[in-house]
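Here are a few short exercises to work through with the viewer open. Try each task yourself before reading its solution.

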Amino acid sequence: MAERLAIIGASGFVGSALTEYAADHAGLDVMPFCHSTGGASRLAHRGMSIRQLDLMDRAAVDTALSGVDYVVNCSRGGDRLMLSGLENLLHACSKGSVKKLVHLSSVAVYGDPPPASSTNEDAPTEPAPRSYGATKLAQDRLVQRAASKGLPSVILCPPNIIGPYSDYLTDIIQSIETGRFRYIDGGHRCINVVDVNNLSACMINALRSEIIDGRRLFACEPADVNWLDLTMELEPVLRDHPAIPSISSEMFVDGGAAPGPSPLRKQGLASALKHLASDEVRTALRGNPMWASMEKTAKGGVRLMGKGVEDRLRDTFAGPIKVAVARPEEMIDRPLIAQQLRGVKHDPGRCHRELGFTPPLTFAESMQSFRNWYIEHFDFGSSEWAMLGKASR
Amino acid sequence: MGAGKFKIVIIGAGAISQAAHVPAVLASPVATLIGVVDPDVDRARALCHSFGVEAAVAADVGRLGVEFDGAIVAAPNDLHAPITLSLVQKGIPVLVEKPVATSVDAARELTRAADGKGVVVAVGYHTRFSGACRMLKHAIDSEQFGRVLRFAHQDGSRGGWSPLSGYNLDAKRAGGGVLVTTGTHFLDRLIWFWGSPAEVSFRDNASGGPESHCIARFVFRNSDRDIAGSAIFSKVVALPEMTVVETTEGLLLMPSDAGETITFRPNGDRLLEYEVRFARSGHDPRKLYQRELEDFIDACRSGRKPCVDAGMATASLELLSRLYEARQPLHGSEMKEYSDG
């Protein structure tokens, strides 16, 4: 009887690809689990049997993983699910007969942008508090703790994921077509990507590897790829679009430093009174009949002092009239463009050496498979495709 | 049927009843919810409880023990026709969720029964009640914005509707895949706009299960010209919903079939856009499901046909069936063959 592989989060982009890959190539009895049926259409069209599982239900997770040999965790969700749900999963794996857990983490655990030292996995992990990377790092720690207690585990860290069904690539296409994309420094900065099918193959390799200590491995394309390479590969499926301008990293950072929190105003009686006398506060307070009556009386009193006094008082409280500078906003995809500032090539050498893994698809083959998929699924080149493009601009 | 509130029983206590039908009945000044039927009686009870409704609950209609004026059938797709038929045979008017059946034969049988008994069967194509759809229909018919040349439509999301029973993953129970769950409203509208198409073609990714991505093409043969167009429906690719109709004068855009406005972009002026609203529904605060329900109730009380009756729903099912018969495989997502790394 074939060994059993449970794929948790099988309805997501990676989970679906892994499920299809494993069913076709791994020689395992594949058991896809997803949280709800809404996202499982991609697997359903192949007639695969899909099981629903709520990771927050510990007893259900224990039952689902009973008799399972391998587990891959591709689940995503809110912080609670990602942490408490993972604890339930680890509990079930540790309690059962699971021979190996592969946990899908992310290069985001190193921070965004990642430190220059994150060319290899030993770099310090410094994600911003409350970021996606911080949650993934917390997950890594849970897995590593379970590994230290005897659960054979491997953690894989992919960067942005490309290949058929990649939202990442379709977002870049849309950004270029709508003129919102910019190169930074000519597009020559490196980009870390991995093809979803290469990632799937890597996960299967990880299941069968000797590694059991919960170590983290980069699952990235080995080729040196930059943003120019990536967009050139997309060019054949792009609608007519404006030439992509290039801006310097300095200009991008200067022009777009996200506004930080407003500096705290000097607190004092005057500022408190100004706030109290502001139109917004008075409007809100007017809902209270007593306050409305007090305001009316005060206004009457001030009016008796004459217009000059009334005007001076208003100027004192309201301050001078301020007019903000208005300029046409340049519509660019800042978060996407900002990814070019990452500029660190995560070296997948350890994954190659320790898992014996060589990606089945080259970068060029991956992009070709994406284009084939895109052409078919978006009805590329048809007159209707052109109409929809015209309408979306 | 008295002039008081129309007494409704909802059959099926799943996600669509929770999200749409119970709120529609409760929001309507002319309807009252008096019963919920579901094989899982606890679910029916929980549904009533969640809205603070005092209604009878039962596992089947026969055990409900209350008299009612009409029923809303919101069960899994494969149960629409048998449940509706059994109610029609008892003379009970029904508002049934789309698709009316999972086979053309079942839909035709239901239509014959409804016509024979003179019982109202309204079918839940609720987007027909949106201002946007009505305006688009008006614009096409009146040629106010030019003669139609061609059209394109897309509607896709990664995942989507998750019925509690999960019937959507079973092609037999759902009656198909994304063409049924997402596309059926569009097919109904096409027939409403131009009648039955002369030619169709269809490609999808089904491979042993319900399709999750498909592309349908249509040619409508009018007296003086052909109108051709296509539609993409997907549960695996995010495609912002959009209908574009190209006319001799410009582009008519409908970004949402549940919205209240459409946009017209005249040819030759890239800066100009008109927002067009259907005057009669522009200020209607009722949600689409409430409008649909009240149309059904009015049809029951007045004797007129509902906006979409069983016959019209059968026509869209016939089109659906023609598309599936024309099925060709959609390629492009297969991996090249290689050995494991």
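The exercises below concern a predicted model, and each is followed by a worked solution.

**Exercise 1. Describe the extent of the contact between chain A and chain B.**

Solution. Begin with the residues: chain A contributes 41 residues to the contact and chain B contributes 50 residues. Next, take the area. The two chains bury about 3800 Å² between them, and 55% of this lies on carbon and sulfur atoms. Finally, ask who pays for it on one side: in chain A, the residues that lose the most area to chain B are His45(A), His377(A) and Met387(A), together 18% of what that side buries.

**Exercise 2. Find the salt bridges and polar contacts across the interface of chain A and chain B, then characterise the side of chain A that touches chain B.**

Solution. Step one is the count of charged pairs: the rule gives 5 salt bridges across this interface. As a concrete case, look at Glu376(A) and Arg203(B), which form a salt bridge with their closest N and O atoms 3.1 Å apart. Step two covers polar contacts, where the rule finds 10 residue pairs, both partners at pLDDT 80 or more. Step three asks which helices of chain A take part. At least two residues each come from helix 1 (13–25), helix 2 (41–44), helix 7 (196–208), helix 16 (363–377) and helix 17 (383–391) of chain A. Step four sorts the residues on that side of chain A by type: 13 are nonpolar, 18 polar and 10 charged.

**Exercise 3. Is His185(B) buried or exposed, and which residues does it contact beyond its neighbours within four places in sequence?**

Solution. Locate the residue first: His185(B) sits in helix 8 (residues 184–194) of chain B. Its relative accessibility is 8%, and because buried means under 20%, His185(B) counts as buried. Now list the partners, leaving aside neighbours within four places in sequence: Lys98(B), Gly124(B), Tyr125(B), His126(B), Thr127(B) and Asp257(B).

**Exercise 4. Trace the pairing of strand 13 of chain B with strand 12 and strand 14 of chain B.**

Solution. Start on one side. Strand 12 (residues 250–254) of chain B runs antiparallel to strand 13 of chain B, joined by 4 bridges. These two strands form a hairpin with 6 residues between them, and Leu252(B) stands opposite Phe264(B). Then turn to the other partner: strand 14 (residues 274–277) of chain B is also antiparallel to strand 13 of chain B, with 4 bridges. Here Phe264(B) stands opposite Tyr274(B). To finish, check the covering of strand 13 (residues 261–266) of chain B: 5 of its 6 residues are buried.

Terms used:
Residues are numbered from 1 along each chain as its sequence is written. Chains are lettered from A and ligands numbered from 1 in the order in which they are written. This is a predicted model: local features need pLDDT of at least 70, side-chain atom pairs count only at pLDDT 80 or more; totals for chains, interfaces and linings use all residues. Side-chain values use heavy atoms; hydrogens and water are left out. Contact means heavy atoms within 4.5 Å. Buried area is the accessible area (1.4 Å probe) that two parts lose on being put together, summed over both. A salt bridge is a side-chain nitrogen of Lys or Arg within 4 Å of a carboxyl oxygen of Asp or Glu. A polar contact is a pair of N or O atoms within 3.5 Å; within protein, one must be able to donate a hydrogen and the other to accept it, and residues adjacent in sequence count only if both atoms are side-chain atoms. Ala, Val, Leu, Ile, Met, Phe, Trp, Tyr, Cys and Pro count as nonpolar, Asp, Glu, Lys and Arg as charged, and the others, Gly among them, as polar. Buried means under 20% relative accessible area, exposed over 50%, partly exposed in between (1.4 Å probe, protein chains only). Two strands pair if DSSP finds at least two bridges between them.
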